Amino acid sequence: MAEAPSGPTTVQGIEAYGAGGFRVGGQAFRGSILVLPGGVQPWAVTDASGLDLDSFGPVLAAGGDIELLLIGCGARMTMIAPALRQALRDSGVVIDAMDTGAACRTYNVLRAEGRQVAAALIAVG
C-alpha cells in the first residue's frame with residue numbers, strides 16, 4: 001500500500017491505500033469505501049463508469065455534514081457525467097473527482113484544516 005500522510009488533527013486519517021484496499025484510522029478495509037463524518041463503510045462501486053445517483057445514497061443521507069465530497073476514481077481520474085455532477089449539486093453535495101491516491105492525500109489535508117470533507121474511494125490494485 002502507498003502511504004498517504006495524515007495531519008496531526010485528522011480524526012479519521014487515510015493512512016494507506018492500494019493492494020485492493022485502504023487503512024483508515026488504524027483499521028484495514030478491503031475494496032472500495034466511503035469515508036463519511038459518521039465513519040467508514042464499504043462501497044459497492046468498483047469502477048467509475050458505474051457511478052450513478054444511487055451510488056451516493058449514504059453521502060446524500062449525511063446531508064449538511066459534508067462540505068465537499070472527494071471522489072477517488074481508481075488508478076486514473078475519470079470525468080463525472082455532467083448530469084450526475086448536477087444532480088449531486090442539486091442535492092447539496094459539491095464533488096471533486098481525481099485518482100484515488102490524490103483523493104486520499106487531499107482528504108487528509110482538508111481534514112487537517114478542519115474542513116467538512118468526505119471521500120468516495122474506488123480501490124486500486
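This report describes the sheet, the nonpolar cores and two individual residues of a predicted model.

**Sheet**

The model contains an open sheet of five strands, arranged in the order β6-β5-β9-β7-β8 with mixed pairing. Its edges are formed by β6 and β8 (95–98), each of which pairs on one side only. On average, and with direction ignored, neighbouring strands of the sheet are turned by 15 degrees against each other. Within this arrangement, strand β7 (residues 68–72) runs parallel to strand β9 (residues 117–121), and five bridges join the two. One position can be followed in detail: isoleucine 71 has alanine 120 of β9 as its bridge partner.

**Nonpolar cores**

The largest nonpolar core comprises 21 residues. Trp43, Leu51, Phe56, Val59, Leu69, Ile71 and Ile80 are the members with the most contacts inside this core. At least two residues of the core come from each of β5 (33–36), β7, α2, β8 and β9. A second core, separate from the largest one, has 19 residues, among them Phe22, Leu68, Ala103 and Leu110.

Ile71 thus appears both in the bridge to alanine 120 and among the residues with the most contacts inside the largest core. Leucine 51, also listed there, touches Trp43, Val45, Phe56, Ile71, Ile80 and Leu84 when residues up to four places away in sequence are not counted.

**Two individual residues**

The table sets out the accessibility of serine 55 and aspartate 90.

| Residue | Relative accessible area | Class |
|---|---|---|
| Serine 55 | 11% | buried |
| Aspartate 90 | 60% | exposed |

Serine 55 lies in the loop between β6 (39–42) and α1 (57–62). This serine is classed as buried because its relative accessible area of 11% falls under the 20% cut-off. Its contacts, apart from neighbours within four places in sequence, are Trp43, Val45 and Gly50. Trp43 and Val45 are also touched by leucine 51.

Aspartate 90 belongs to helix α2 (residues 82–90). This residue counts as exposed because its relative accessibility of 60% is over the 50% cut-off. The side chain of aspartate 90 makes a polar contact of 2.7 Å with the side chain of glutamine 86. Arginine 115 stands 25 residues from aspartate 90 along the chain, and the C-alpha atoms of the two are separated by 21 Å.

Terms used
Residues numbered from 1 in each chain as written. Predicted model: local features only at pLDDT ≥ 70, side-chain atom pairs only at ≥ 80, totals over all residues. Heavy atoms only, no water. Helix = DSSP H or I, 4+ residues; strand = E, 2+ residues; numbered from the N terminus. Buried < 20%, exposed > 50% of the residue type's maximum accessible area, 1.4 Å probe, protein only. Contact = heavy atoms within 4.5 Å. Polar contact = N/O pair within 3.5 Å; in protein donor to acceptor, adjacent residues only side chain to side chain. Pairing = 2+ DSSP bridges. Axes fitted to C-alpha atoms, helices over the stretch in contact; angles between N-to-C directions. Core = buried A, V, L, I, M, F, W, Y, C linked by side-chain atoms within 4.5 Å.
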